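Subject: Structure for your bench notes

Dear colleague,

I am passing on the structure we spoke about, and I would be glad if you could look through it with the notes that follow beside you.

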Amino acid sequence: MDSVVQNVCRDVKEFKDKGRSDDLELILRRRMGDALLDEGRVIHFLRELGKANERKLSLEVLRCLQQCRLEMTVYLASASISLCRKMTAWIQAVCILREMLGSRMEVDTITYNAAVSACEQGEQWVQA
């Protein structure tokens, strides 16, 4: 597992164990610094979260990224949908896909397949 992912996971767990509800964005900014604004490094971070199988943290990070003013690009959105597929988070995958379509981003076959796969894994046949 990537050391940044390990540190973020440890920090989140530590704050929750102490009963503190610290802001995830603060933790991400402290651990990732300027990398939080670098699309390639954020995509790498999302992939590592998927490998670590940190479902709850992954979904929190996705929500945080949507609020962090990080520009959503085709690559970042596709990586986010792929993470949703791995975490069987079909609702989030569909929301991101809708956001992509609403902002007229070019959606490729891989992105559609990841969103459909997330819906299938969640047994949401109508959505798929």
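How many disulfides does a search of the whole structure find? The search finds 0 disulfides. Cys84, for its part, is in no disulfide, and the nearest cysteine sulfur, which belongs to Cys95, lies 8.8 Å away; since a disulfide needs two cysteine sulfur atoms within 2.5 Å, that pair does not qualify. Please keep in mind throughout that this is a predicted model, and that every value below was computed from it.

Two of the cysteines can also be described by their accessibility. Cys84 has a relative accessible area of 0% and is therefore buried, and Cys119, at 2% relative accessibility, counts as buried too.

The overall fold

The protein chain holds 7 helices and 0 strands, and when it is read along the sequence the pattern is α-α-α-α-α-α-α. The protein chain has 128 residues, of which 43% count as buried.

The largest pocket

Rolling a probe the size of a water molecule over the atoms shows where empty space is left. In this model the largest pocket holds about 240 Å³ of space. It is lined by 13 residues, and those closest to its centre are Arg47, Tyr75, Ser78, Ala79 and Ser82. The elements that contribute two or more residues to this lining are helix 3 (39-52), helix 5 (74-86) and helix 7 (109-121), and helix 5 supplies the largest share, with 7 residues. Sorted by class, the lining of the largest pocket is made up of 7 nonpolar, 3 polar and 3 charged residues.

Helix 3

Two residues of helix 3 seem worth setting out in turn. Glu48 is found in helix 3, and although its side chain is that of a charged residue, Glu48 is buried, because its relative accessible area is 10% and the limit for buried is under 20%. The side chain of Glu48 makes a polar contact with the side chain of Lys51, at 3.2 Å. Val42 also has its place in helix 3, and with a relative accessible area of 1% Val42 is buried. The C-alpha atom of Val42 is separated by 9.1 Å from that of Leu65, a residue 23 places away along the chain.

Helix 4

What span should helix 4 have at 1.5 Å a residue? Helix 4 covers residues 55-67, and its 13 residues should span 18 Å; the C-alpha atoms at its ends are 19 Å apart, so the model agrees with the expected value. Within helix 4 the buried residues are Leu57, Ser58, Leu59, Glu60, Val61, Leu62, Cys64 and Leu65, and Leu65 is the residue already mentioned as the partner of Val42 in the C-alpha separation of 9.1 Å.

Arg55 and Lys56 belong to helix 4 as well, and neither of them counts as buried. Arg55 is partly exposed, with a relative accessible area of 39%, whereas Lys56, at 57% relative accessibility, counts as exposed, because the limit for that class is over 50%. Each can be placed against a residue further along the chain: Arg55 and Cys84 are 29 residues apart in sequence and 8.7 Å apart in space, C-alpha to C-alpha, while the C-alpha atoms of Lys56 and Met87, which are 31 residues apart along the chain, are separated by 8.5 Å. The Cys84 in the first of these pairs is the buried cysteine described above.

Two loop residues with positive phi

Most residues other than glycine have a negative phi. Which values of phi do Thr88 and Arg104 have? Phi of Thr88 is near 50 degrees, a positive value in a residue other than glycine, and phi of Arg104 is near 60 degrees, which is likewise positive in a residue other than glycine. Thr88 sits in the loop between helix 5 and helix 6 (90-102), and Thr88 is partly exposed, with a relative accessible area of 34%. Arg104 has its place in the loop between helix 6 and helix 7, and Arg104 is exposed, with a relative accessible area of 76%.

With kind regards

Technical notes. Residues numbered from 1 in each chain as written. Predicted model: local features only at pLDDT ≥ 70, side-chain atom pairs only at ≥ 80, totals over all residues. Heavy atoms only, no water. Buried < 20%, exposed > 50% of the residue type's maximum accessible area, 1.4 Å probe, protein only. 1 Å grid on protein atoms, 1.4 Å probe; cavity = no way out; pocket = protein on both sides within 12 Å on 5 of 7 lines; lining within 4 Å. Points joined across faces, edges and corners; volume = space filled by probe spheres on them. Helix = DSSP H or I, 4+ residues; strand = E, 2+ residues; numbered from the N terminus. Expected span 1.5 Å × (residues − 1). Polar contact = N/O pair within 3.5 Å; in protein donor to acceptor, adjacent residues only side chain to side chain.
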